[in-house]
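Here's a quick briefing to read alongside the model. Have the sequence and the 3D view open, and let's walk through the fold, the surface and a few side chains.

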Amino acid sequence: DGLKQEINKAMAYPAFVTFFAIIALIVIFDMVLPEFANLSTPNTTNNIQKIILGGAGKGYSSFIILFWTAISVMTFIEIGKRSKISKEMIYRMFVNLPIISKISKMHSSGEFVNSLSLALELNCDISEGVDLAARSVKHYLHKKKLLSVNHELKNGHSLSSALDQTSLFSKLDIASIQIAENSHSLKQTMKVLASENVKKRLKNLNLITQIISPVAILLLGVVIFVVAYTIITPMLIMQNTIG
């Protein structure tokens, strides 16, 4: 709950900036551009100006189309997750994307570590704790990999080597778990790793939010500049013609 509250706080400002950027663009395209679209002629406008002026009066309608397209895609993905075949296809499609793959691995390993730490705190044995932790992971393909860890443990493998085979954990995490197994301090180590995982996620989240806000403002500024250029150019041409 504390992590969710921190995430909500961190995302508040980027969401605020994005919301007002969308409103500004709708106002510009629906209320400002139509007034100047009639002042330009095909002979006096370049390709960029033609594209911008072509969007005059279409700001809100374009937003509605994009909004419902996004809703439809998310609905399709959620419905697809109900079938094992389509669910696996969807996850395999995203797992091949480098950045998304890395983020999802970090998220799944964090879920597993947090759940295993909680299970060990409740004095569950390692086999039961690993099974509960694996089932807590939301990513379908990662969950399948982690559910096989118990099988490796029964075959005599250590927890660190079994987790290393999943390719979901960093080398540092694997080394820490290996040392904890040798020193019989797995419960304490998993608690530390869980705490470090929360700190790492908050750090990454803060970094992302620090990037999103300036990028959103920069993109808005670029669009406004291009629109202003599109508006001012016909006015200057008219002024020169009259002069």
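A residue is called buried here when its relative accessible area is under 20%, exposed when over 50%, and partly exposed in between. By that yardstick, buried residues make up 30% of the 243 residues in the protein chain. Keep in mind that this is a predicted model.

**Overall fold**
- The chain has eleven helices and zero strands, so reading from the N terminus you get α-α-α-α-α-α-α-α-α-α-α, with each helix counted from there.
- Take the contacts between residues at least 6 apart in sequence: 59% of these join residues at least 24 apart.
- The accessible surface of the protein chain is about 15800 Å², and carbon and sulfur atoms account for 67% of that surface.

**The nonpolar patch**
- Which residues make the nonpolar surface patch of about 860 Å²? They are Tyr13, Phe16, Phe19, Phe20, Ile23, Val27, Met31, Val32 and Ile217.
- Helix 1, which covers residues 2-37, supplies the largest share of the patch with eight residues.
- Phe20 is one of the patch residues, and it sits in helix 1.
- Patch members need over 30% relative accessible area. Phe20 is partly exposed at 44%, so it clears that bar.

**Serine 109**
- Is serine 109 buried or exposed? It counts as buried, because its relative accessibility is 10% and the cut-off is under 20%.
- Serine 109 belongs to helix 5, which spans residues 98-121.
- Leaving aside neighbours within four places in sequence, serine 109 is in contact with Leu168 and Phe169.
- Histidine 142 is 33 residues from serine 109 in sequence, with 8.7 Å between the two C-alpha atoms.

**Salt bridges**
- How many salt bridges are there, going by a side-chain nitrogen of Lys or Arg within 4 Å of a carboxyl oxygen of Asp or Glu? The count comes to three.
- Glutamate 111 pairs with lysine 138, and their closest N and O atoms are 3.4 Å apart. This pair links distant parts of the chain, 27 residues apart: glutamate 111 is in helix 5, while lysine 138 is in the loop between helix 6 (126-136) and helix 7 (140-147).
- The two ends of that bridge fall into opposite classes: glutamate 111 is buried, with 9% relative accessibility, whereas lysine 138 is exposed, with a relative accessible area of 61%.
- Arginine 135 bridges to aspartate 131, with 3.1 Å between the closest N and O atoms. Both residues lie in helix 6, four residues apart, or about one turn of the helix.
- Arginine 135 is exposed, with a relative accessible area of 52%, and aspartate 131 is partly exposed at 26%.
- Lysine 171 forms a salt bridge with aspartate 164, and here the closest N and O atoms are 3.6 Å apart. Lysine 171 counts as exposed at 64% relative accessibility, while aspartate 164 counts as partly exposed at 32%.

Methods
Residues are numbered from 1 along each chain as its sequence is written. This is a predicted model: local features need pLDDT of at least 70, side-chain atom pairs count only at pLDDT 80 or more; totals for chains, interfaces and linings use all residues. Side-chain values use heavy atoms; hydrogens and water are left out. Patches are made of residues with over 30% relative accessible area and no salt bridge: like charges are joined within 9 Å, nonpolar side chains (Val, Leu, Ile, Met, Phe, Trp, Tyr) within 5 Å. Accessible areas come from the Shrake-Rupley method with a 1.4 Å probe; for residues, only the protein chains shown count as cover. Helices (H or I, at least four residues) and strands (E, at least two) are DSSP runs, numbered from the N terminus. Buried means under 20% relative accessible area, exposed over 50%, partly exposed in between (1.4 Å probe, protein chains only). Contact means heavy atoms within 4.5 Å.
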